[in-house]
Every structure is written in structure tokens, then in C-alpha cells.
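Biologist: I'd like a close look at one single residue here, and at the protein around that spot. Could you walk me through it?

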Amino acid sequence: MKADINLKLIAGNSNPALANAIARRMTVYRGAPMELADARVERFNDKEIFVEIYDNVRGEDVFIIQSTCNPANDNLMELLIMADALRRSSAQRITAVIPYFGYARQDRRTAARTPISAKLVANLITQAGVDRVLTMDLHAGQIQGFFDIPVDNLYASPVFALDIRHHFPDLSKLTVVSPDVGGVARARELAKRLGLGLAIVDKRRSKPGVVEEMTVIGEVKDRICLIVDDICDTAGTLCKAAQLLKDEGAEAVHAYITHGVLSGPAVERVSNSAMESLVITDSIPLPAEAKAAPNIRAVSVAPLFAQAILNVGNDTSVSSLFDERTLQPIYEAFYRFD
């Protein structure tokens, strides 16, 4: 891989650990030092955000690493202001690397007089001067169409597939489970990667927000069930689905979730649930209580994003990273599943 001397990384305050991990892995991949650009992202006393970039970025290919996780509004504004600062500093191209894209669940009107906030955020990012977006596991794939700039949507499933093969050598006992009908496509994709069967938890609601009945479609008795989803927020539905699978005779239940939002009582619920493990990526920083939970662990997507950034910078294929065979040597060399 050639060293791109005009490629720069800059990070906001949303996930500094992931940003630094991406920089470290890019140093290895390029065979040349890669550090985060020297910048100041601070707040005035009234909480206004101020950005000052100390490195020269004129003519540079700049990547802003910033998840729009909690606090979503602050982190989104940081992203927009950094993009504006870079545009006004004559950066050649600005790519927003958004491992977790907030507001993605508001991708359509669900009732009268409600917004489509995901489209609004897409407009804001574009108008701020961003030329390209690199994200992972958008809640709704059609959000890519909300942008009038290129969007690369990476998938965590190849990383999950590698982790599953490592921790479950006997794949014959596994069944992939979608926790709701809306997530079937995601679960089916992972099941196809691993050559596994698929089950679905069907929810019926008596009114919005209230689950009246849950049933399992598919065979889970005496199986090791892997629940797959993109977001774990309060973990209520996830924990109920895990208990239902156990009640239906599942031998064990594990979950693989891309974005660990883990709001409110989520960690406590997971800790006391029927799940033997909840595996999430580091697209969102883990709170201290999640790190201490015995059945929650994280797998890093830094190697995936590092390679994707280099591919974008070198104008090579990003879709090649959808194949776990491409990622396997990357993860074996620079990351241990343990």
C-alpha cells in the first residue's frame, strides 16, 4: 500500500479511542506514520463549540472521524463545524467517517406532522462541505439516498462472522435469529455467510411501544441461538427475545449488535438476562458499567475503518471489504479475538 502523504485524519470528541486505534492501524498498513491532526475542539462557557485546526490542510484529503452518538446533538454539531473549518481552510476533499450515524431511526414519517430527521441531518452534513460519507450498518439502507454525495456503508457482519468462527468452532449447532421482522435481511445475510439456519421473533403490539405477544418462527430447540441486530438501545426487546428463545428450548443465547447505544437500564437488563454474551462493536464508546459487565464484550472495527479509509484515499474498492476473506488476514495480524 502506498503512503498517501496528503491524507489526514482529524477526530472530534465522540470516540477518541476508536480514532486513535484507526490511526495506529493505518500506520501499520501504510508503512508510514499516521497521526491524528493537531486540532482543538472545545466549548465556550455557554456550550458553543469552537474548532481550531493547527495543521495545514490546504489541498489535503481529510477524514473526520466522528460518531454522532450520545450526546448526539453536540457530536453532530462538532462534525458540522469541523467540516466547515476544513472547507474554509481549502481542504481538497472532506470525508465524514461516521461509525454510528445518529438520527438514522427517523428515516420516514411514522405519524402525521413528524419529521424525517435522517434526511435533515444528511442535508446538514452536505451543506457543511462534506464530499463523502463513510459509515457502518445504517439502520435503514435507503438513507444512502438521502445524500447527494457518495456514501459508503460498511457492514459489521464480516467482522462478526470471523468472531463467530473463532468462538464457535462447531457451527452445526448454531442458528441465527432476527429479533423482529424488520431485521430479517440483516440476519439472513449473516446466516448465509456462515451457512446457518434462520429463525425470527415475531412481535405483535397492542399499541405503540407495548409488546402484547412474541412468537418464534423457526426451530430453536436445543440450538445455540445468535441474535443479530444493528442497534441495542434500552435492550428491552433484546432481553425479552433472549428469554423467549430459552423458553422455547434453546441451549444458549448470544447476541451480536453493531451499535451499543445502551441507554438507561440497558446494561443492567443485559447483565440479568438470559443472554450468555452480548457482542458489540466499538462504533460507540462503551460506558464503564458495560466494560465491567461479565456478559458484554466489544470487537473493534478500527481495522475495518482503517482499511476503508486507505481504499477511499487510494481510489480503490471499498466493497471488497464486504468479504470476510479480505478482512481475515487484517484481523489475524492486528487484532486477536479473545
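Modeller: Here is one lysine, followed by the protein it belongs to. Keep in mind that this is a predicted model, where local features need pLDDT of at least 70 and side-chain atom pairs count only at pLDDT 80 or more, while totals for chains, interfaces and linings use all residues. Residues are numbered from 1 along each chain as its sequence is written, and side-chain values use heavy atoms, with hydrogens and water left out.

So, lysine 291: you'll find it in helix H8, which covers residues 288-292. Helices here are DSSP runs of H or I with at least four residues, strands are E runs of at least two, and both are numbered from the N terminus. Lysine 291 counts as exposed because its relative accessibility is 62%; the cut-offs are over 50% for exposed, under 20% for buried and partly exposed in between, using a 1.4 Å probe and protein chains only. Valine 267 sits 24 residues away along the chain, and its C-alpha atom is 9.6 Å from that of lysine 291.

Now zoom out. The protein has 10 helices and 14 strands, and 54% of its 338 residues count as buried. Its C-alpha trace spans about 60 × 50 × 35 Å along the principal axes. Take contacts (heavy atoms within 4.5 Å) between residues at least 6 apart in sequence: 66% of them join residues at least 24 apart. As for the outside, the accessible surface is about 15200 Å², with 48% belonging to carbon and sulfur atoms; that area comes from the Shrake-Rupley method with a 1.4 Å probe.
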